[in-house]
Amino acid sequence: MALDDRKSGFTFVGTRPDRPDGLDKVTGRAKFGADMSAPGMLHGAILRSPHAHARIVRIDTSKAEAHKYVKAVVTRADFAEVPFKPGLEGEFWNVLENVMAGEKALYDGHAVAAIAATSALAARDAVKLIEVEYEVLPHVTDVDKAMAPDAPVIREGAADYSVPEGVHPNVVRYHESGHGDVEAGFAEADLVIEDSFVTEATHQGYIEPHACLGQLGADGKGELWCTTQGHWIAQKTCAALLGIETSQLRVTASEIGGGFGGKTTVFIEPVALALSRKANRPVKIVMSRSEVFRATGPTASASMDVKIGMKKDGTITAAEGIFRLQGGAFPGAPGDMTAMCAFAPYNLTNVRQVGYDVMANRPKQAAYRAPGAPMGAFAVESVIDELCKKLDLDPIDVRLKNAAHEGTKASYGPTYEQIGLVESLEAAKAHQHYSAPLKPGQGRGISCGFWFNHGGETSVSLALSEDGSAQVMVGTPDIGGSRASMALMAAEVLGIPYENIRVTIADTATLGYNDVSHGSRVTYASGLATIKAAKHAVEKLCERAAAKWGIPVDAVKWENGCAVPSGPNAGDFDPLPLAEITANMGSTGGPISGHFEATPEGAGVSFGIHIVDAEVDPETGKTSVSRYTVIQDAGKAIHPAYVEGQYQGGAAQGIGWALNEEYIYGDDGRLQNSIFLDYRIPVASDLPMIDTVIVEVPNPGHPYGVRGVGETGIVPPLAAIANAVSHAAGVRMRQLPMSPPRILAALKQDG
Amino acid sequence: MSKFHVTTQVNGDEVEFLCDPRETLLDCLRDKLNLTGAKEGCGTGDCGACSVTVDGRLVCSCLMLGVEAEGKQIETVEGIADGDVLHPLQKKMIEYAALQCGICTPGILVAAKSLLEKNPNPTEEETRYWLAGNLCRCTGYDKIIRAVMDTAADLREAS
Amino acid sequence: MTGGQQVVEVDATTTGEILRELVRRYPQLQAPIDAGVSIAINGRIIASGLSEPVPEGAEVYLMQRLRGG
Ligand code: FES
Ligand code: FES
């Protein structure tokens with residue numbers, strides 16, 4: 001591969017050392033969200049709406065307040081005063097409305113009041129004493145029904161500029177893009193297939209429920225400990241919702257027990273702070289699993305129409321898709337992302353995509369790994385598979401024929417830089433899985449997937465100690481071993497052993513702003529920042545060496561952890577190791593550290609291909625996945641074991657989404673499966689080993705070529721599995737999840 | 001609230017606590033004994049993050065009441081290492097990168113240790129079924145299963 | 001929004017200048033730009049930065065602001 005010469009230049013990057021926080025995590029010592037307590041701490045509990053849509057007529061908290069263990073009760077009124085930031089607008093307003101209901105409860109589980117009591121049990125008991133009078137309103141939870149003319153209006157005036165006239169007010173954002181002439185393209189095709197697809201909402205299903213411990217005084221100064229993907233966004237949002245200055249709230253991120261996008265916003269954190277302000281004591285809130293399902297941010301559900309035209313030789317002549325995404329009772333469903341990603345793997349002359357953001361009486365959706373992309377890929381890649389089948393073409397060959405490459409005008413507009421789709425498809429085709437014989441009853445499916453990846457605001461600070469070790473402070477919580485990647489990249493630049501570097505997730509008071517750990521940005525952006533901060537420190541190390549030797553600084557270079565003279569006039573000096581420079585840095589100019597504060601742009605898009613073998617039991621309708629291979633472009637794998645882990649984890653979540661997981665709402669608008677027994681995520685015995693191939697086509701936007709790897713892995717599974725099921729059972733599944741009853745129904749319909 | 005006085009053994013140490021009859025063993029371990037290694041992922045016995053052994057049996061501590069711990073011997077993740085020497089399973093979990101976020105890890109370690117005590121030579125299928133009560137959302141289980149089976153192989157060789 | 005034009009030429013050296021110039025010429029673009037846009041310069045996607053340099057003759061593409069999980 002193109003990187004080979006560059007790869008041989010790495011000493012640490014690309015190796016697989018033990019992660020720095022490994023010991024803490026295998027001994028039970030690591031402190032997660034719910035593991036913290038404080039002297040005098042109270043426990044919070046939240047009262048939630050049992051109705052999907054209801055006007056809140058009256059809240060009577062007197063009985064609860066009279067309870068002997070209760071120290072504070074809050075409702076929306078406790079958030080309304082905003083001395084520093086009057087007029088909460090836009091997303092802040094939405095988040096406030098979601099954190100604590102205003103005039104209306106908008107979904108089953110919507111918070112309406114909260115209390116703090118001296119014990120968790122007392123809090124749970126006393127919260128029931130709060131009396132709420134509701135006027136129940138008609139509700140809607142389905143995306144297509146929410147767009148129908150007679151659908152109840154969730155919030156008048158929520159739509160933005162983009163929505164065309166005459167559309168139902170529940171449609172709040174509209175996206176349309178593409179190029180060429182799709183009608184002309186369809187006319188050129190030998191075969192056109194048009195089909196409709198539906199996916200249900202799923203939940204990120206992180207095993208750690210949301211938890212926080214907050215303290216806020218009457219002086220407007222506060223402390224917050226919470227499990228989050230981004231403590232700066234938590235700081236900013238909580239401060240806005242509580243009307244205090246951002247800098248007066250110090251937020252510390254706990255170890256985080258999974259997020260996948262679901263911990264990129266706040267739910268209980270402002271509530272704990274509001275309770276604390278009232279009770280003047282620290283307040284801890286820990287969600288139950290059922291609260292996590294009912295009242296955090298699942299994915300959007302989707303209803304989609306896709307039409308693709310193909311020539312007999314496999315050339316796609318035109319593609320068109322309409323993607324309607326339901327994202328709960330607030331704007332934000334990623335219909336635009338779905339639309340932009342859906343056809344992104346292909347080099348298309350004629351393409352048009354439309355995305356809708358639709359509100360319904362469900363919890364406010366949050367990001368879930370490549371938000372919006374998996375649904376669109378399910379629809380598009382299913383139709384391509386059907387075309388391949390009808391035209392008797394090899395599915396990988398067809399994708400190769402149409403694959404986007406450097407210079408292709410992407411379906412979403414710009415021209416691609418260097419990308420790794422063709423390389424990934426070729427690796428998939430060459431993989432022994434693709435040519436392995438299938439057992440009777442098995443079917444094989446493949447799918448491509450695309451995701452943008454993200455840079456985002458980033459600060460990193462690196463300080464050298466006098467013994468020659470280094471501490472790196474980053475602001476992106478470590479969800480999947482990122483401390484290890486940071487240490488590897490710092491080691492690479494400094495030339496000191498990986499073990500001599502300690503990476504800490506800094507709190508909001510000790511480092512500049514950092515965006516959340518999302519958009520697969522951590523290894524890319526914090527990595528780039530770590531490299532630059534380390535280089536910054538190296539510059540200073542070279543200056544000290546130059547001063548010692550009495551030569552110009554440009555006659556000093558950094559090699560294998562030492563300053564060495566370089567160039568004809570540098571003179572002859574022994575290499576000066578880092579530790580010797582730091583040993584007396586106090587007397588040669590003071591502490592040496594390096595910084596980076598900027599917004600790295602150029603995250604580099606990535607593509608993946610999944611190959612799946614599946615079997616369907618015709619008696620029960622149960623699908624088993626018998627073999628699974630992930631091929632994905634990582635740009636450059638810093639710690640390959642954790643890159644593999646991201647691929648495997650994405651695939652497993654995708655398998656759950658495809659086969660089992662869904663939000664089930666009753667006619668009453670209540671969520672019917674809010675525990676893990678009923679919302680069943682894949683367990684160890686459901687899955688095979690998940691094979692991985694790391695393709696490395698370097699991202700021109702990163703010094704080591706890194707692309708984000710966290711999200712793309714969940715894009716292909718839905719379609720890959722649906723395609724495998726279609727080949728195994730002979731039925732095209734148009735609705736997810738492909739649960740046994742749905743498969744049985746499809747088999748029956750098929751006759 | 002009238003509380004019960006409970007005396008029990010945790011990781012070999014005798015401990016006492018007062019608990020409400022409604023509090024689970026998990027609540028007591030975490031809130032009264034400060035042993036926060038066992039995690040609450042669900043509270044309904046579905047995730048295994050709270051796994052401990054009670055008199056050698058693997059249980060979900062969220063499904064057992066604190067008062068039922070009276071006179072029992074309880075082992076938690078905090079007791080798996082022998083002082084500062086990690087159990088081979090702990091080492092292998094790190095070496096295989098078998099944890100990403102690590103919230104499931106305490107439960108997986110307790111459950112896997114109990115598997116290897118019962119069955120030193122588990123097949124992949126047996127390992128997968130034994131750990132089917134321990135949810136991991138990050139890893140897809142691949143590296144966890146490999147770490148456990150490789151530990152089993154090492155332990156067999158050593159004995 | 002740009003009077004039917006899909007492609008426009010503007011003089012600017014940074015992403016921020018491009019947006020300002022576009023709004024000056026096409027006030028209707030204020031709403032979508034306020035709602036959040038990402039800009040691709042010769043294929044490199046700039047999620048939100050307004051000070052990214054734009055080389056002479058670069059292909060610049062406006063798209064909806066990207067988000068992630
Ligand atoms: S917390 Fe006990 S099984 Fe989930
Ligand atoms: S490592 Fe995160 S749940 Fe297992």
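A salt bridge is a side-chain nitrogen of Lys or Arg within 4 Å of a carboxyl oxygen of Asp or Glu. The exercises below apply this to a predicted model.

**Exercise 1.** Find which segments make up the two domains of chain A, and state how far apart their C-alpha centres lie.

*Solution.* Begin with domain 1 of chain A, which is built from 3–30 and 455–598, and then turn to domain 2 of chain A, which is built from 372–453 and 604–750. Next, take the C-alpha centres of domain 1 and domain 2 of chain A, which lie 37 Å apart. Finally, look at where the two touch: the contact takes 25 residues from domain 1 of chain A and 25 residues from domain 2 of chain A. The area buried between these domains is about 2,100 Å², and carbon and sulfur atoms give 60% of that area.

**Exercise 2.** Determine how many salt bridges the rule finds across the interface of domain 1 and domain 2 of chain A, and test the pair Arg16(A) and Glu644(A).

*Solution.* The rule finds one salt bridge across this interface. For the pair in question, the side chains of Arg16(A) and Glu644(A) meet at 2.6 Å, N to O, and because the rule asks for a distance within 4 Å, the pair counts as a salt bridge. Between the two domains there are also five residue pairs in polar contact.

**Exercise 3.** Describe the side of domain 1 of chain A that touches domain 2 of chain A, by helix and by residue class.

*Solution.* Helices H1 (4–7), H17 (482–494) and H18 (522–549) of chain A each supply at least two residues to this side, and H17(A) gives the most, with six residues. Sorted by class, this side of domain 1 has eleven nonpolar, nine polar and five charged residues.

Definitions and conventions. Residues are numbered from 1 along each chain as its sequence is written. Chains are lettered from A and ligands numbered from 1 in the order in which they are written. This is a predicted model: local features need pLDDT of at least 70, side-chain atom pairs count only at pLDDT 80 or more; totals for chains, interfaces and linings use all residues. Side-chain values use heavy atoms; hydrogens and water are left out. Domain bounds come from an automatic or database domain assignment. Contact means heavy atoms within 4.5 Å. Buried area is the accessible area (1.4 Å probe) that two parts lose on being put together, summed over both. A polar contact is a pair of N or O atoms within 3.5 Å; within protein, one must be able to donate a hydrogen and the other to accept it, and residues adjacent in sequence count only if both atoms are side-chain atoms. Helices (H or I, at least four residues) and strands (E, at least two) are DSSP runs, numbered from the N terminus. Ala, Val, Leu, Ile, Met, Phe, Trp, Tyr, Cys and Pro count as nonpolar, Asp, Glu, Lys and Arg as charged, and the others, Gly among them, as polar.
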